[in-house]
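Work through these exercises with the model open. Try each task before reading its solution.

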Amino acid sequence: MTDCNRETLPFSRIGPKGVVADFQGGRLTTDAGALLLREVGDRLGLFDALDHAIPDPRWLPIVLHDQKTLLAQRITAIALGYEDLNDHQTLRSDPALQLAAGILPEEGVLLASPPTLCRLENRIDRQALIRIAEVLVDQFLAAHPEPPEHLMLDFDATDDPTHGGQEGRFFHGYYDHYCFLPLYVFCGDELLVAYLRPSNIDASEHTRAVLKLLVRRLRAAWPGVRITIRGDSGFCRWRLMRWCDSHGIGYVLGLAKNAVLQREARDGIERAERQFLRTGQPQRLFGSLSYAAASWDRLRRVIVKAEHNAQGANPRFVVTNVPGDPQEIYEDVYCQRGEMENRIKEQQLGLFAGRTSCHRFLANQFRLLLSSAAYVLMQALRREALAGTELARAQVGTIRLKLLKVAARVVVTARRVVFHLASSYPYRSGFCEAFERLMGRMVPAVETG
């Protein structure tokens, strides 16, 4: 086994010169982009809000790391790409993460250890989770300086694989494995809800209750806002639609095809087939009809897409109470919900929302909310500092690679903490532009004289 504690590590020579490495570079970090995240977090007041949402039962006179520091440490680390609590064993001395967590990066100062962070996860109760969920909505409201005229809320569920005999672990037939079934609500790129659920339920379970709470909060802040919800056929439930009808909420929901719907739409389906056979080109025809399933309380408008191509007929149906041209509602409204799936993948894969490996269900819900807070942090960076740049629509993984993973040497003096960023950093101009945008919005001009 290599002894990495010895003074130098001799590598292969290059020409006449030897190549050696050592571990005497001083205080270095590979995550200097955490400086940007720190500024964003301070602007949002995110860590303060989360800290106020969670009671701290510890005896404060002997507490080494306050709760806000723990939250900032963990959320920033997730944004930087560290998914596991065990990563914090070595991250404890990282100067960039220390500064982002609100600690002066001096020699001998350490951030919280993995066991300390684990204790935080496992002491969260249901009431604290509710308050944290409210913080996400508050952050969404604060992101809009002017009241919007219309909000399109996207609802969707996804699978979150479980790890062993966890609380709330069930087998899901559609996904064909043991998993949780979290519910997400996005408005464009902004996250409002991330709600962990066991998977032995219908995909639409609790959707109506979540929507009621959201509508109450959104209308309290913006009384005149119009709200429309959008979702796939898993959310097409008559009680949800009835509530929307009675409270002035629009809906555009996928509707699973069946024999009755196909019979009612037969004219359009057959016409699309005839035109395909005549022209040899794929055909898409749109129309609408009135339909009610046996369990529904009344007839509702259904948009029909009669499609026929080389693979055969592919009719699709959408139920809605939104007026408008059938093709525009289907293509310009319903089909755009696919963008939400990209946001879910971004959070699941890029911000490790699927790292719900605790035994306690409530601890896993807290982990999902920590990932959600990291998403809010990254989305604010994208919105405030990257709009109009090549990273404006980039995934969090790309932003992390190009903007956050920056090598720097850290020097702490009596008056300053200096981050000497790598001279060969290839995205220097983008980093400087993000800095100028953030500091220009956050820091008032200093008066001289």
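The exercises below cover two sheets, a helix pair and one tryptophan, all in a predicted model.

**Exercise 1. Give the strand order of the open sheet that contains E16, and find its edge strands.**

Solution.
- Step 1. Read the order: E3-E16-E17. The sheet is open, has three strands and pairs in the antiparallel sense.
- Step 2. Look for strands that pair on one side only. These are strand E3 (28-29) and strand E17 (417-421).
- Step 3. Check the pairing of E3 with strand E16, residues 408-412. Two bridges join these antiparallel strands.
- Step 4. Pick out a bridge. Leucine 28 has arginine 409 in E16 as its partner.

**Exercise 2. Which strands stand at the edges of the sheet with E5, E6 and E7, and what does that leave on one side of each?**

Solution.
- Step 1. Set out the order. It is E5-E7-E6, an open sheet of three strands with antiparallel pairing.
- Step 2. Strand E5 (160-161) and strand E6 (170-172) each have a single partner strand, so one side of each lacks a neighbour in the sheet.
- Step 3. Recall what holds such a sheet together. Strands pair through backbone hydrogen bonds, parallel or antiparallel.
- Step 4. Count the bridges between E6 and strand E7 (residues 177-180). There are three, in the antiparallel sense.
- Step 5. Find the residue opposite phenylalanine 171. That is tyrosine 178 in E7.

**Exercise 3. Describe how helix H3 packs on helix H14.**

Solution.
- Step 1. Locate the helices. H3 spans residues 67-80, and H14 spans residues 361-385.
- Step 2. Take the geometry. The angle is about 70°, and the axes lie 9 Å apart.
- Step 3. Classify the angle. Values of 65 to 115 degrees count as roughly perpendicular, so H3 is roughly perpendicular to H14.
- Step 4. Assign the hand. The crossing of H3 past H14 is right-handed.
- Step 5. List the contacts. H3 brings Leu71, Arg74, Ile75, Ile78 and Ala79. They meet Phe366, Leu370, Ser371, Ala373, Ala374, Leu377 and Met378 in H14.
- Step 6. Sort the contact residues by class. Ten are nonpolar, one is polar and one is charged.

**Exercise 4. Is tryptophan 59 buried or exposed?**

Solution.
- Step 1. Place the residue. Tryptophan 59 sits in the loop between helix H2 (46-53) and H3.
- Step 2. Apply the cut-off. Exposed means over 50% relative accessible area. Tryptophan 59 has 58% relative accessibility, so this residue counts as exposed.
- Step 3. Relate tryptophan 59 to tryptophan 222. They are 163 residues apart along the chain, and their C-alpha atoms are separated by 41 Å.

Methods: Residues are numbered from 1 along each chain as its sequence is written. This is a predicted model: local features need pLDDT of at least 70, side-chain atom pairs count only at pLDDT 80 or more; totals for chains, interfaces and linings use all residues. Side-chain values use heavy atoms; hydrogens and water are left out. Two strands pair if DSSP finds at least two bridges between them. Helices (H or I, at least four residues) and strands (E, at least two) are DSSP runs, numbered from the N terminus. Axes are lines fitted to C-alpha atoms, for helices over the stretch in contact, and angles run from 0 to 180 degrees between N-to-C directions. Angles under 35 degrees count as roughly parallel, over 145 as roughly antiparallel, 65 to 115 as roughly perpendicular and the rest as oblique. A crossing is left-handed if the near helix is turned anticlockwise from the far one by less than a right angle, and right-handed if clockwise. Contact means heavy atoms within 4.5 Å. Ala, Val, Leu, Ile, Met, Phe, Trp, Tyr, Cys and Pro count as nonpolar, Asp, Glu, Lys and Arg as charged, and the others, Gly among them, as polar. Buried means under 20% relative accessible area, exposed over 50%, partly exposed in between (1.4 Å probe, protein chains only).
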